[in-house]
Each structure stands twice: as C-alpha cells, then as structure tokens.
Amino acid sequence: STQSTWGIQALEGLSPDDMKTLRSYENPPQVVLDTICAVKIVKEEEDNGWEDTKVMLSDAYFFGFFIKRAKRFDKESVDDDTLEQLRSYVQSADGDPSFVASISLPCGALSKWVHSIYEYATVQRITAPRGLTEHDLEEGLDALQDQLALQKNEIAGAEQKLRGLQTELKGKLLELKSRYDTTMDALQESFFEAQHQFTSVASSNHGGE
C-alpha cells in the first residue's frame, strides 16, 4: 500500500470498542493529547480541550464523518505554516505511530494519518516544481519514510550509546570513590596514630620536666 492510503487503512481498521477505550480516559497520556493536537492542526481546528475532543471521537462522528472527510482531505491544501507546526510532532520519537499505537491504538491510526499528510505535503514541495507525477510522489514518500526510520534508529542508537557511557562513567566514579574512601581511611588511621604518639611523647616530655 502507498503512503497516502497508509493512514486511511489504519483509521478504517478501528472498531467502536477501540474508540470507547480512548474516550474513557479521564486524564489522557501526553502522547494522546499531542496526537489529537496534531490532528486538529491538520484540520485547522481549535483545540478546545479533552471534553470537546470526545465529541470528535464519538462513534457517530468518527465513523460517520471523520474517516470520510479524512479520505477526501485535500493533501495539497496543507500550507507551510501547518507543516511547520506539525514538524516537531512528526520528527519526535513520541510521535512515531508505532509508539503512539502502543499507548493507544486509535491514536496510533490518527498518528499514521497525520504522518501521511505531512510526508505527502513535504515531498510535494520538493517534487512539484519539477513537474513530477503522483507516482513519483509516492516513490518519494516511500524514500522519505525510509529516511525518517533510519534517522530515528540512528537517534535511538546514539541515545543507547550515551546511556552506556553514562553507566560506565557512574561505575568509574563509584570505583574512584571507594578507592578514595579506602585510601582516606588508611591515611586517617595513620594520622590519628601519629597524633596519638605525638600527644603521648609530648605529655611524657612535659611530665619529665
């Protein structure tokens, strides 16, 4: 399946039970709120809080209107300002559809839709001036998706390496501290021993005067 239908298929795969689970949140996780916010940016709608969002997520609206409108959504109408607002969500690890789906399946599908819109609009800006066809666009989207996945893997790899170095540093510091403590204990003992001997000698000399 092509990137532009990727999000729609995910939305069509949702069930009323999935939506019910999502609506049941009293205080939704941040990733849910961020995804809903991204959807509203695409739709150019105000984000009026969770209670208002529940209406959009109701079975009647979501299955009756939202998916149909998502299918008909004019991907070419996305302007630069919208793309700019979406960039941080799309490029963050927390905005990755598979991660979002692990928290909430419906939000994972919504995230896929947002990504497909963003990627189509981004590639169009690169290819449209050259008069390329929709097929070229689709191929460009696939390449962009691969590049994005590669970047995320590189970031994850770098973070893992950093965590490894932090653990190693922590171990070295603990080792130094224990060595320091051991050395200091020995030095302190020697110091107190010498001080004790000095005091003894001083007091015996004083007594012998």
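**An all-helical fold and its nonpolar core**

The protein exposes about 13300 Å², and 55% of that comes from carbon and sulfur atoms. The model is a predicted one. Its secondary structure adds up to nine helices and zero strands, so reading from the N terminus, the elements simply go α-α-α-α-α-α-α-α-α. Of the 209 residues in the protein, 32% are buried. As for contacts between residues at least 6 apart in sequence, 71% join residues at least 24 apart.

What sits in the middle? The largest nonpolar core has 35 residues, and those with the most contacts inside it are Leu11, Ile36, Phe62, Phe66, Leu86, Trp113 and Val114. At least two residues of this core come from each of helix 1 (3–12), helix 2 (16–23), helix 3 (30–42), helix 4 (50–56), helix 5 (59–72), helix 6 and helix 8. Helix 8 gives the largest share, eight residues. In soluble globular proteins, nonpolar side chains tend to be buried together. Val114 shows how one core residue is placed: leaving aside neighbours within four places in sequence, Val114 is in contact with Ala38, Val39, Val42, Leu86, Tyr89 and Val90.

Several of those partners belong to helix 6 (residues 80–91), where Thr82, Leu83, Leu86, Tyr89 and Val90 are buried. Seen down the helix axis, the buried residues of helix 6 fall within an arc of 120°, so they line one face. Asp80 and Ser88, on the other side of helix 6, are exposed. An α-helix has 3.6 residues a turn, so residues three or four places apart point the same way. The length of helix 6 works out too: its twelve residues should span 16 Å at 1.5 Å a residue, and its end C-alpha atoms are 16 Å apart, which agrees.

Helix 2 tells a similar two-sided story. Asp18, Met19 and Leu22 are buried in helix 2. These residues cover an arc of only 95° around the axis, which puts them on the same side of helix 2. On the other side, Asp17, Lys20 and Thr21 are exposed. The buried residues of helix 2 pack against helix 3, helix 4, helix 5 and helix 8.

Helix 3 comes next. Its buried residues are Val31, Val32, Thr35, Ile36, Ala38, Val39, Lys40, Ile41 and Val42, and they pack against helix 2, helix 4, helix 5, helix 6, helix 7 and helix 8. The 13 residues of helix 3 should span 18 Å at 1.5 Å a residue; the end C-alpha atoms are 19 Å apart, which agrees. Just after helix 3, Glu44 takes a positive phi of about 55°.

Helices 2 and 3 also turn up in the surroundings of Ser104, which lies in the loop between helix 7 (97–103) and helix 8 (105–127). Is this loop residue buried or exposed? Ser104 has 5% relative accessibility, and because the cut-off for buried is under 20%, it counts as buried. Apart from neighbours within four places in sequence, Ser104 is in contact with Leu22 and Val32.

That leaves the cysteines. A disulfide is a covalent bond between the sulfur atoms of two cysteines. The count of disulfides here comes to zero. Cys107, at 0% relative accessibility, counts as buried, whereas Cys37, at 30%, counts as partly exposed.

Conventions
Residues numbered from 1 in each chain as written. Predicted model: local features only at pLDDT ≥ 70, side-chain atom pairs only at ≥ 80, totals over all residues. Heavy atoms only, no water. Helix = DSSP H or I, 4+ residues; strand = E, 2+ residues; numbered from the N terminus. Buried < 20%, exposed > 50% of the residue type's maximum accessible area, 1.4 Å probe, protein only. Contact = heavy atoms within 4.5 Å. Areas by Shrake-Rupley, 256 points an atom, 1.4 Å probe, with all protein chains shown as cover. Expected span 1.5 Å × (residues − 1). Arc of directions from axis to C-beta. Disulfide = S-S within 2.5 Å. Core = buried A, V, L, I, M, F, W, Y, C linked by side-chain atoms within 4.5 Å.
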